[in-house]
Amino acid sequence: WGKSEIIPAQEHLISNLIKQKLFASIDGLPTESKPKKKHLLFLPPGEDHEIGLLLTYYLLKQAGHQIYYLGSNVPLGNIEMSIQLSNPDSLMFFAVRSWTLEKLQAVVDEISKIYKGVIYVFGSHAVIKDVKGDNLNKISSLEDFKKTTFV
């Protein structure tokens with residue numbers, strides 16, 4: 001994978017097998033009657049790398065949180081309605097593909113206009129390090145995530 005020794009179809013097959021296992025594992029977790037917090041998880045437009053988001057879903061649900069999972073490639077206009085319906089304590093999204101700082105900053109700015117709560121962006125340090133936002137928290141590793149109060 002990292003050495004470009006497999007073709008995209010093989011990557012998609014492996015990714016889908018992993019996603020199936022994650023969905024099954026998430027479904028097998030108990031739902032808390034009194035969740036600790038509520039989180040809205042999604043991938044912004046153009047982003048379809050879902051495995052990290054699903055792992056986050058699993059870890060948060062396992063820790064007793066309620067999750068609203070919107071999936072990949074969600075139009076930003078849909079986020080506002082989802083926020084109104086779910087009233088989350090935080091928004092979480094991943095930036096995995098090759099984002100330019102300008103495009104990622106535009107996404108963060110747009111989300112910040114419609115949501116004043118805590119926003120978490122997950123991604124490699126190289127991708128997310130320079131993006132700014134008053135209510136933005138950056139998570140670039142599993143260790144960073146474990147340091148949060150969620151898990």
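1. A quick definition before we start: a residue counts as buried when its relative accessible area is under 20%, and as exposed when that value is over 50%, with partly exposed in between. Bear in mind that this is a predicted model.

2. With that in hand, take a look at helix H3, residues 76-86. Gly77, Met81, Gln84 and Leu85 are exposed, and they sit on the face of H3 turned away from its buried side. The buried set in H3 is Leu76, Ile79, Ser82, Ile83 and Ser86. Looking down the axis of H3, you find those buried residues within an arc of 105 degrees, so they line one face of the helix. The general reason is simple: an α-helix has 3.6 residues a turn, so residues three or four places apart point the same way.

3. What do the buried residues of H3 pack against? Their partners are E1, strand E2 (66-69), strand E3 (90-95) and helix H4 (101-114). Just after H3 comes asparagine 87, which has a positive phi, near 50 degrees.

4. Now the sheet. It is an open one with five strands, in the order E2-E1-E3-E4-E5, and the pairing is parallel. E2 and strand E5 (136-139) are the edge strands, each pairing on one side only. From one strand to the next, the twist averages 25 degrees.

5. E3 deserves a point of its own. Six of its six residues are buried, so to speak of E3 as mostly covered is fair. Ser90, Met92 and Phe94 point one way from the strand, while Leu91, Phe93 and Ala95 point the other way; all are buried.

6. Which strands pair with E3? E1 does, in the parallel sense and over four bridges, and leucine 41 is the residue opposite methionine 92 of E3. Strand E4 (residues 118-123) also pairs with E3 in the parallel sense, here over six bridges, with phenylalanine 93 opposite valine 121 in E4. To get from E3 to E4 the chain passes through H4, and this β-α-β crossover is right-handed.

7. E1 also runs parallel to E2, and four bridges join them. Leucine 41 turns up again here, standing opposite tyrosine 69 in E2. As for the helices on the sheet, H2 lies across E1, E2, E3 and E4 and runs at about 150 degrees to E3. H4 packs on the sheet too, touching E1, E3, E4 and E5, and its direction makes about 165 degrees with that of E3.

8. More on H4: this helix has 14 residues and spans 20 Å from its first C-alpha to its last, close to the 20 Å expected at 1.5 Å a residue. Leu104, Gln105, Val107, Val108, Ile111 and Ser112 are its buried residues. Seen down the axis of H4, they fall within an arc of 155 degrees, so they line one face of the helix. Glu102, Lys103 and Lys113 are exposed on the other side of H4. The cover over the buried residues of H4 includes E1, H3, E3, E4, helix H5 (125-128) and E5.

9. Staying in helix H4, have a look at glutamate 110. Is glutamate 110 buried, exposed or partly exposed? Its relative accessibility is 34%, so it counts as partly exposed, because that value lies between the 20% and 50% cut-offs. Glutamate 110 is 33 residues from glycine 77 in sequence, and the two are 9.4 Å apart in space, C-alpha to C-alpha.

10. Another glutamate to check is glutamate 50, in the loop between strand E1 (38-42) and helix H2 (51-62). Its relative accessible area is 11%, which means it is buried, as the cut-off is under 20%. Which residues does glutamate 50 contact, leaving aside its neighbours within four places in sequence? They are Lys19, Phe23, Leu43, Tyr69, Gly71 and Ser72.

11. Last one: threonine 31, in the loop between helix H1 (8-28) and E1. Why does threonine 31 count as exposed? Because its relative accessible area is 69%, and exposed means over 50%. Threonine 31 and isoleucine 67 are 36 residues apart in sequence, with 9.8 Å between them in space, C-alpha to C-alpha.

Terms used:
Residues numbered from 1 in each chain as written. Predicted model: local features only at pLDDT ≥ 70, side-chain atom pairs only at ≥ 80, totals over all residues. Heavy atoms only, no water. Helix = DSSP H or I, 4+ residues; strand = E, 2+ residues; numbered from the N terminus. Buried < 20%, exposed > 50% of the residue type's maximum accessible area, 1.4 Å probe, protein only. Contact = heavy atoms within 4.5 Å. Arc of directions from axis to C-beta. Pairing = 2+ DSSP bridges. Right-handed = clockwise from strand over helix to strand, strands pointing away. Axes fitted to C-alpha atoms, helices over the stretch in contact; angles between N-to-C directions. Expected span 1.5 Å × (residues − 1).
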